[in-house]
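Student: Could you take me through one part of this protein closely, and set it in the context of the whole chain?

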Amino acid sequence: MQCFLAGLVIRSLSISTSNWRCKETLGDYLAERNIMGIYDVDTRAITRRLREDGSLIGVLSTENSKSDEELLEMSHTWDIVAVDLISGVSCKSPYEWIDRTASDWEFNDNGRNKETFNVVAYDFGINHNILRRLASYGCKITVVPSTWPASETLKMKPDGVLFSNGPGDPSAVPYAVEAVKELIGKNPIFGICMGHQLLGQALGGKTFKMKFGHHGGNHPVRNLRNGCVEISAQNHNYAVDPKSLPEGVEVTHVTLNDGSCAGLASSKMKLMSLQYHPEASPGPHDSDPVFGEFIQLMKQEKKA
């Protein structure tokens with residue numbers, strides 16, 4: 001819907017653009033949206049620091065009068081832990097999503113199911129490509145705010161419910177966890193990223209803050225069900241502790257870089273989730289078939 005960026009730090013700013021889609025300079029784009037940016041920064045030095053110390057809080061300021069000590073004090077007054085970041089990026093009221101993946105970008109559509117499924121998608125900061133992929137798989141989608149009551153979702157009689165990606169700490173949004181709890185077992189459920197973490201908590205598991213988090217488009221993930229390795233796009237600072245999950249919940253995917261939980265499923269409770277982004281395209285489209293798996297989950301429920 002908009003740019004939710006808080007700030008941008010880059011090494012060098014190009015003075016020219018060559019892409020035919022370009023409509024304005026990066027500086028003008030940020031200024032128009034009142035977003036602070038800084039360049040000519042030694043980002044490799046920052047990377048080396050983060051590589052050793054883990055995620056750190058930084059401060060960007062245009063106030064030259066502030067001393068280093070004052071800037072440090074500002075950094076100490078903010079923390080990502082226990083902060084609700086999804087309420088500020090969610091939609092404010094329900095809306096219908098009808099756009100599919102454009103034909104120029106479509107792939108793997110041979111023999112795709114043409115049956116229509118009604119899906120309610122909780123917007124915790126949802127990526128539009130998730131909605132495009134679901135629509136391309138034959139879903140009619142209603143997007144609802146992060147605070148949408150589970151009782152209202154049940155009144156809509158959906159074939160399935162999607163809990164989307166989103167920023168921040170899943171333990172800081174207990175209202176979302178409660179909504180997930182109330183919907184488990186009522187409808188087929190698919191959780192992505194934040195949705196995966198909320199499912200983990202709703203099932204009785206725990207989430208924890210990672211030292212570094214996973215960020216980038218080249219994370220190898222093993223699908224434990226078929227043994228295949230997917231190259232995935234990931235962007236999260238929290239993870240589900242698999243040891244805290246109850247019986248009947250299966251860990252389906254594992255990130256190979258550190259062994260962390262990257263996917264969950266329960267056939268009895270009709271749910272599935274991924275920690276990473278199947279709608280992203282980090283080169284190949286390794287993870288796209290998971291949308292078909294969600295379709296199959298809804299199809300089985302319809303037949304039951």
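Tutor: Happily! A term to begin with: a contact here means heavy atoms within 4.5 Å. With that in hand, among contacts in the protein chain between residues at least 6 apart in sequence, 72% join residues at least 24 apart. Keep in mind that this is a predicted model. The chain's secondary structure consists of eight helices and 12 strands. Its radius of gyration is 20 Å, close to the 19 Å that the globule rule gives for 304 residues, so the chain is as compact as a globular protein of that length. Along the principal axes, the C-alpha atoms fill a box of roughly 65 × 45 × 40 Å. Of the 304 residues, 43% are buried, and the chain exposes about 16500 Å², with carbon and sulfur atoms supplying 51% of that area.

Now for the close look, which centres on strand E10, residues 250-255. On one side of the pairing list is strand E8 (residues 206-223), which pairs with E10 in the antiparallel sense over three bridges. Here Asn223 stands opposite His253 of E10. E10 is also joined to strand E11 (residues 261-266) by four bridges, and these two strands run antiparallel as well. Within that pairing, Val251 has Leu264 in E11 as its bridge partner. E10 and E11 form a hairpin with five residues between the strands, and in this hairpin Gly259 takes a positive phi near 75 degrees. As you trace these strands, remember that in a regular strand the side chains alternate between the two faces of the sheet.

Conventions: Residues numbered from 1 in each chain as written. Predicted model: local features only at pLDDT ≥ 70, side-chain atom pairs only at ≥ 80, totals over all residues. Heavy atoms only, no water. Rg over C-alpha atoms; globule rule 2.2 N^0.38 Å. Buried < 20%, exposed > 50% of the residue type's maximum accessible area, 1.4 Å probe, protein only. Areas by Shrake-Rupley, 256 points an atom, 1.4 Å probe, with all protein chains shown as cover. Pairing = 2+ DSSP bridges.
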